[in-house]
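Biologist: I would like a close look at a single part of this assembly, and I am still new to reading structures. Please take your time and connect the pieces as you go.

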Amino acid sequence: MLETLFALLSFFLLAGSVTILLARDPALYTTGFLAVMLAVAGLFGLLDQSFLFLAQVMVGVGAVVVLTTIVILTINLKEKELPKEPTRGPWLVLGALVIAPFGWMLYRGLVAATPDHFPVLKEGFGTVQAMGSVLFRDWVLPFEILSLLLLAAMLGAIIIGKKEQSYDLES
Amino acid sequence: MSTPAILVTLAVIVLAALLALLMIPVLVWLERRVCGLIQDRLGPNRTNVFGFRLGGVVQSFADVLKLVFKEEYYPGHISRGRWLFIIAPMITFASALLAFMVIPFADDVVVYGEKLRIQALPIDYGILWYLAIGSVGIMGMILGGWLSHNKYSLLGALRGASQLVSYELALGLGVVSMILTYGTIDFNAMVHWQSDMVLGFLPAWGALVQPLAAVIVIVALFVETNRAPFSVAEGESEIVAGYFTEYSAMKFAMYFMGEYIAMNTASAVIITMFFGGYQLPWISTETLREHFGAIAWVLIVVLPVAVALFIRWMKRNNTVRPTVATDGGRNFETKILSRVLIAMTVVIELILLILSFLPADSVGTSFAVTLLQIAVFVAKLMVFNIFFIVVRWTLPRFRYDQVQTLGWRYLLPLSLLNIFVTAIIVVGVAS
Amino acid sequence: MTLSPENFFALGVLMLCLGALGVVARRNLFVLYLSIEVMLNGVNLILATFARVRPDMGGSVIALLMIGVIAAEAALFLAMIVQLYRRRRSVDSDAYDRLAQRNWS
Amino acid sequence: MNRPKIKTVPRYNKETKERLYLPAIFAGLKITAKHLFTNLSDINAVETLEYPEEQPTDITPRYRGLHRLTKREDGSVRCVACFMCATNCPAQCIHIVATERNDGIDEKMPAVFTIDTLECVFCGYCVEACPCDAIRMDTGIFSVTGKRREDFLLDRDRLLSHHNAFGEDTSDA
């Protein structure tokens, strides 16, 4: 049951990632992004991280994907406005050749560093309550810094995204 | 899990699916009939099966049949990415259906020592699940509007998306103040909290404890469901049909049904958070279980009276005007229906009679309490669905900038203020 | 087969690699952004797996903060893309090479 | 300062009660709910025509029903195929083929006179354009039904077979 779910989710995840990697059509890579975010949320659920699951669906899908889609469809690129990518094929092969060993090393390192099975959990791992108590007992400072970061990002986004004023409102 | 527990779980899942899916034709029928009666018209009342028209419900089933068997039509300019075009309404439909699955229809029952939740997905994320899944539903709308390659669809999708995104803030903050009040995100625990009393005589319903949050959340939920007076995403007068202009047949029906399920879910969330959920006012589950005998006797007395009143109403109103030559079998239908109703009443009376002599802690009593609570839930659900419909046919549509102004400049500050006041009161009471 | 941490690590590393590949090989600004998002989510998945292996809620909290960081990053990146597009009417990353010194080409 | 000419419409009802919206919304809900419950309690009081059984009774002589071609006293068609109606028709749904009369009268007459009611907008301009009162819309037929598209093409004989539904046919005079 869980294995089937895992296989399904990893299929969606990889299909989404590969779509983002290869697709030219904006609609395709947007959908790929949606699939990736939802699949990651599902994997969080498989890891018993129920609050992370909810946060990923709510923030990842509800905010990030929706925002991305709105921006992409506002810009609404025509077929001829898409960048020509003549060097995409060679770069993909070359990049894969370079990145694959690093990925393999990273994977071996991660596997070597951890036991090969999941330990049995205490009651209430990953629930909202447990998350909240850990968050507000041990991790208050990072949390507050994150809120500052979000504020800064918001201000930055507003300032960057503002139209340059070519005319004076008063005159 | 024991066999009875599995049976109960299956029954609950089937009930949830029925409440979500079977409600769609009923809601469509209600929408058309209530709209007609409000505007001094009759609405659809002619379609019948063997002379049974049931006030016109048969019309919606005929409509469903028509939509299922209609020709699949694709506009010529949608050649690439057609599978995405088909998936988009499915996203909306599936997320609307999933969001309904966490609503508790009754209090937990204990079956052979196992505590079972009477909700289709036995998880306790409650309102967070609703918010999370509701935000996925936007994606179906945006994708559908965008992939139609049509200016009207694109405008509708943009409007709908920006409207939903901006009201999600007000909705989330309004919900936060309710979470502060209840101290939980679980719907069932929220309903338990509401079975208390405030000021000694009023039921502690969310709408009475937190009226401001109630108004904010109800308004935001109207926006979430994309219904009038906030239906700018599909404003017929300006942008044809908004994001589903290019959709036809079953794909259109998916959007349509998703919308009605969303409305149903929104009513369920409203009654669960603000109007005591499945609880009867003043009567908590424990009281119901302890004094079920007395309550069964009250039901035994009340039920025949209600049925008699209904039959009288039906005899007078399931007719046509005397000037019309034929009544199309309406008298026959009334006769059969009243007999069926009377027979059902008799059976229910007998069951209630048996139940009233059972001891208070027996399995039968707890199941009867569950059924009663489900009935109360469905009744409240219908009342709020009708409220949604009446509001739609009462208020004119807001202009788009008015919608945004209301969301950002009134509801958002108000919900923030509400959170501050609630937090101060909650902390003050706790310390 | 039961689920083991290796499966999740493999997925996370794969996401990381695919994202990196996207950053290297593609020139569409949106694809660059989405690739970076994929990489961040891969890291987040690995973090959540670690938290589950330990089992320590601290790791989950970091993953939660990561989700917040991803949201902030998305807001900034999208604002930048919109601004760049307004200037040059292009989402080709090679259109913005004014700071590059292409002496080698 | 070169401001564009913008007319500012003054806003009325600025007091808090009006700006709260809610009292007005509830007042509106009260009205609709009242209609709903009054009609629910006595459905037959709703002023609706039970159409196929009850036929409309308020069709007046000025009602623009289906067209008809009028006749002279001798029963021949009054139309002289002058194409005024076809020229004037905004929907371009009148199709005429003219021919000579061979019964001694020096006029034309329509060999084919077809009105496509699927295209007709029932505006009545053909009636007003007709110089010799040959086409009229006083048949009182308001329901045009058919099973095939050809059923909606009214040809000359069918147009001639329609009668005035209101009183005596004055067109023969």
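Biologist: How many residues does the largest nonpolar core have, and which residues have the most contacts inside it?

Modeller: Before anything else, please keep in mind that this is a predicted model. The largest nonpolar core has 184 residues, and those with the most contacts inside it are Leu43(A), Phe105(B), Ile127(B), Met273(B), Phe377(B) and Phe30(C). Let us take Phe105(B) as an example: leaving out residues up to four places away in sequence, Phe105(B) touches a group that includes Val12(B), Leu15(B), Ala16(B) and Leu19(B), and among its other contacts are Phe100(B), Ile118(B), Tyr278(B), Gln373(B), Ile374(B) and Phe377(B). One of these, Phe377(B), is itself listed with the residues that have the most contacts inside the core. Another core, of 21 residues, lies apart from the largest one, and Leu69(D), Phe113(D), Cys120(D) and Ala134(D) are among its members.

The residues named for the largest core come from chains A, B and C, which leads to the places where these chains meet. Chain A contributes 81 residues and chain C 71 residues to their contact, and about 7,000 Å² is buried between the two, with carbon and sulfur atoms giving 80% of that area. There is one salt bridge between chain A and chain C, in which Arg52(C) pairs with Asp48(A), with 3.1 Å between the closest N and O atoms. Besides this, nine residue pairs are in polar contact between chain A and chain C, counting pairs with both residues at pLDDT 80 or more. On the side of chain A that touches chain C, the classes are 57 nonpolar, 13 polar and 11 charged residues.

The meeting of chain B with chain A can be described in a similar way. Here 24 residues of chain B are in contact with 26 residues of chain A, and about 2,100 Å² is buried between them, 84% of it on carbon and sulfur atoms. In chain B, the residues that lose the most area to chain A are Tyr125(B), Met139(B) and Trp146(B), which together make up 28% of what that side buries. Helix H3 (82-100), helix H4 (127-147) and helix H5 (151-182) of chain B each supply at least two residues of the side that touches chain A, and the largest share, 13 residues, comes from H4(B). By class, that side of chain B has 21 nonpolar, one polar and two charged residues, and across this interface the rule finds zero salt bridges.

Charged residues also deserve a careful look within chain B itself. The side chains of Asp186(B) and Arg117(B) meet in a salt bridge, at 2.9 Å from N to O. Asp186(B) lies in the loop between H5 and helix H6 (187-193) of chain B, while Arg117(B) lies in strand S2 (residues 114-118) of chain B, so the pair ties together parts that are 69 residues apart in sequence. Asp186(B) counts as buried because its relative accessibility is 10%, whereas Arg117(B), at 24%, counts as partly exposed. A further charged residue, Arg330(B), is found in helix H13 (residues 330-356) of chain B, and Arg330(B) counts as buried because its relative accessibility is 6%. Leaving aside neighbours within four places in sequence, Arg330(B) is in contact with Asn45(B), Arg46(B), Arg53(B), Asn318(B), Thr319(B) and Val320(B).

Notes:
Residues numbered from 1 in each chain as written. Chains lettered and ligands numbered in written order. Predicted model: local features only at pLDDT ≥ 70, side-chain atom pairs only at ≥ 80, totals over all residues. Heavy atoms only, no water. Contact = heavy atoms within 4.5 Å. Buried area = accessible area lost by both parts, 1.4 Å probe. Salt bridge = Lys/Arg side-chain N within 4 Å of Asp/Glu carboxyl O. Helix = DSSP H or I, 4+ residues; strand = E, 2+ residues; numbered from the N terminus. Nonpolar A, V, L, I, M, F, W, Y, C, P; charged D, E, K, R; others polar. Core = buried A, V, L, I, M, F, W, Y, C linked by side-chain atoms within 4.5 Å. Buried < 20%, exposed > 50% of the residue type's maximum accessible area, 1.4 Å probe, protein only. Polar contact = N/O pair within 3.5 Å; in protein donor to acceptor, adjacent residues only side chain to side chain.
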